[in-house]
Amino acid sequence: MARNTNKKRNTVRNASTRPTGFYYALGAIALLGASLLAYSLMRKPAEGVATEAVAPTGPVGPAEGYLIGKADAPVKIVEFADFECPGCGNFANVTEPDVRKRLIDTGLANLTYYDFPLPQHKNSQAASNAAACANDQGKFWEMHDAIFAAQDQWNTEATDNPKPFFQKYAERLGLNTSVWETCYDSRKHQGRIMANAAEGERRKVNSTPTFIIGDKMYSQGMTYDAMKAIVDSATKK
Amino acid sequence: MTKRMIVAALALAGVFIALYLLLYKLGMIGHLSCSVGSCETVNTSKWARFMGIPVAGWGLAFYAALFVLAMVSTGERYADSLGMSKLLVGAAGTGVLFSAWLTYLELFVIHAICEWCVISAIIVTVIFLASLADFREVSASPAS
């Protein structure tokens, strides 16, 4: 058997170092792989348009989100998010810094964050609770950023007890930790969190993150460029 | 096609799978909306990073290096090189062990299976078997 295979190797080597068929095979794989990647990359913005739906308008019920930016900004971005959702984390960590700097700080838009804790994320409500308690001391957004930045340390897969992580962030942010802890343990903002989630359900939010900009709903994360384009078109209206 | 060419072709396929998963990890592809998905669970768990770098990034580097190595090994100069065969077996073996560890995590720790990770595990296993066959062939060859 060894002799046969040796013979085969030699035949291949003597005829040509690499047969043309080999290059065809590599070419086919490269073409297939590149087309699939290109398709996946291009599908996203197209889907963003396709999943648009008219969002129920009107005041945001008894829910109370967390505002960043000028209250009278011409375009209002509403975000329904789950602290444990990776898509939301991705938006918060990758896209949102740009959105804040270029759209919110410049007064073009403001953003209101609503909790939408999903049932499969067991630590998400605790994270909303931690952020709501930071809000009592005027540091919702700082806590929001800290929670999202370290999402994989305190999420359901990582721990059953996320409180020590949030406590650490509270300390780092310079909050009065005993006040924060009393608030956290009493879960006094649970009503607000539930109201925010109920508001999402009323608006037919079924995945996170979901953005409502103007009268359109976008049920997925988006890049800065996509959000900028939507804000620009909403400004023109 | 020789065994090494099979390794090269499969490694190239692996490059694309790892690239896809990496782009997904970086949020540039597909829905990261949290309506439950096993690939999402796996690729966003804390085990999706190894030494601070996304596992998909390691995969991409691994497959790319293996592809280059396999391409070089198909050249006339290294056709009978036993060292090259050993290198391929060693690299593919490392890949198989790493994949086995990841599959163990998926099954018993994360409790979710990501189909692309499974496809990658199968590819790396076939690569390993092919490089093992190549090693046996080259070591049995009188030229070596």
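Two strands are said to pair if DSSP finds at least two bridges between them, and with that in mind I would like to begin at strand S5 of chain A in this predicted model. S5(A) pairs with strand S6, residues 216-218 of chain A, in the antiparallel sense over three bridges, and within that pairing A:Ile212 has A:Met217 in S6(A) as its bridge partner. The hairpin formed by S5(A) and S6(A) has two residues between the strands, and A:Gly214 there takes a positive phi near 65 degrees.

S5(A) also pairs with S3(A), again in the antiparallel sense, this time over four bridges, and A:Ile77 is the residue that stands opposite A:Ile213 in S5(A). As for the faces of S5(A), both are covered, since A:Thr210 and A:Ile212 on one side are buried, as are A:Phe211 and A:Ile213 on the other.

Let me turn to helix H10 of chain A, residues 224-236, whose 13 residues should span 18 Å at 1.5 Å a residue, and whose end C-alpha atoms are indeed 18 Å apart, so the expectation and the model agree. The buried residues of H10(A) are A:Met227, A:Ile230 and A:Val231; seen down the axis of the helix, they fall within an arc of 100 degrees, and therefore line one face of H10(A). The general background is that an α-helix has 3.6 residues a turn, so residues three or four places apart point the same way. What do the buried residues of H10(A) pack against? They pack against strand S3 (75-81), helix H3 (86-104), strand S4 (109-115) and strand S5 (210-213), all of chain A, while on the other side of H10(A) we find A:Asp225 and A:Lys236 exposed.

A:Ile213 comes back when we look at the largest nonpolar core, which has 55 residues, because A:Ile213 is listed with A:Ala109, A:Ala130, A:Ala134 and A:Ile147 as having the most contacts inside it. The largest share of this core, seven residues, comes from helix H4 of chain A, residues 124-135. Leaving aside neighbours within four places in sequence, A:Ala130 is in contact with A:Met143, A:Ile147, A:Phe166 and A:Tyr184. Apart from that core lies another, of 41 residues, including B:Leu22 and B:Leu69.

Finally, a word on confidence. The model scores ipTM 0.74 and pTM 0.54, and chain B has a mean pLDDT of 80, with 83% of its residues at 70 or more. Within chain B, confidence is lowest in helix H2, residues 38-43, at a mean of 65, and highest in helix H3, residues 55-73, at 90. Over residues 30-37 of chain B, pLDDT stays under 50. Where pLDDT is low, the predicted coordinates should not be read in detail.

Notes. Residues are numbered from 1 along each chain as its sequence is written. Chains are lettered from A and ligands numbered from 1 in the order in which they are written. This is a predicted model: local features need pLDDT of at least 70, side-chain atom pairs count only at pLDDT 80 or more; totals for chains, interfaces and linings use all residues. The expected span of a helix is 1.5 Å times one less than its number of residues. A residue is buried if 20 or more other C-beta atoms lie within 10 Å of its own, exposed if 12 or fewer, and partly exposed in between; C-beta atoms are placed from the backbone. The arc is that of the directions from the helix axis to the C-beta atoms. Two residues are in contact if their C-beta atoms, placed from the backbone, lie within 7 Å. A nonpolar core is a set of buried Ala, Val, Leu, Ile, Met, Phe, Trp, Tyr and Cys residues joined through C-beta atoms within 7 Å. pLDDT is the predictor's confidence in each residue, from 0 to 100.
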